[in-house]
Amino acid sequence: MTEKSPVAITRAPTFPVTIGGKEYLLSYTFRSIIRVKELTSKSLLAGNVWSEMDSDPALVVAILYAGLIGSQP
């Protein structure tokens, strides 16, 4: 008899965003969360990162980039 794992791995939810008149899907997987940390030294899991976006354009770009790579297979 095999036991079920207590952890279920599912695909991260996606949501649409329009950039430059074109619609893209963003999805924040652990891979994309780690990529933001590598690029900016900031964690998407920290609540303050979202308020820091106003004063850090590079962070905005990194977060959008991470969401785009998160929705790719």
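## Helices α1 and α3, and residue T40

Select helix α1 (residues 30-40) together with helix α3 (residues 57-70): the two pack at an angle of about 155°, and their axes are 8 Å apart. Angles over 145 degrees count as roughly antiparallel, so α1 is roughly antiparallel to α3. This is a predicted model. The crossing of α1 and α3 is right-handed.

Next, show the side chains at the contact. On α1, select R31, S32, R35, V36, L39 and T40. On α3, select L59, A62, I63, Y65, A66, I69 and G70. Colour these residues by character, and the contact of α1 with α3 divides into 8 nonpolar, 3 polar and 2 charged residues.

Now centre the view on T40, which belongs to helix α1 and is among the residues that α1 brings to the contact with α3. Is T40 buried or exposed? Its relative accessible area is 19%; because buried means under 20%, T40 counts as buried.

Keep T40 selected and display its surroundings. Leaving aside residues up to four places away in sequence, T40 touches L59 and A62. Both L59 and A62 are listed on the α3 side of the contact.

Finish with the polar contacts of the T40 side chain. Which backbone atoms should be picked for the distances? For one, pick the backbone oxygen of V36, which lies 2.7 Å from a polar atom of the T40 side chain. For the other, pick the backbone nitrogen of K42, which the side chain of T40 reaches at 3.1 Å. V36 is also one of the α1 residues in the contact with α3.

Technical notes: Residues numbered from 1 in each chain as written. Predicted model: local features only at pLDDT ≥ 70, side-chain atom pairs only at ≥ 80, totals over all residues. Heavy atoms only, no water. Axes fitted to C-alpha atoms, helices over the stretch in contact; angles between N-to-C directions. Helix = DSSP H or I, 4+ residues; strand = E, 2+ residues; numbered from the N terminus. Parallel < 35°, antiparallel > 145°, perpendicular 65-115°, else oblique. Left-handed = near helix turned anticlockwise from the far one by under 90°. Contact = heavy atoms within 4.5 Å. Nonpolar A, V, L, I, M, F, W, Y, C, P; charged D, E, K, R; others polar. Buried < 20%, exposed > 50% of the residue type's maximum accessible area, 1.4 Å probe, protein only. Polar contact = N/O pair within 3.5 Å; in protein donor to acceptor, adjacent residues only side chain to side chain.
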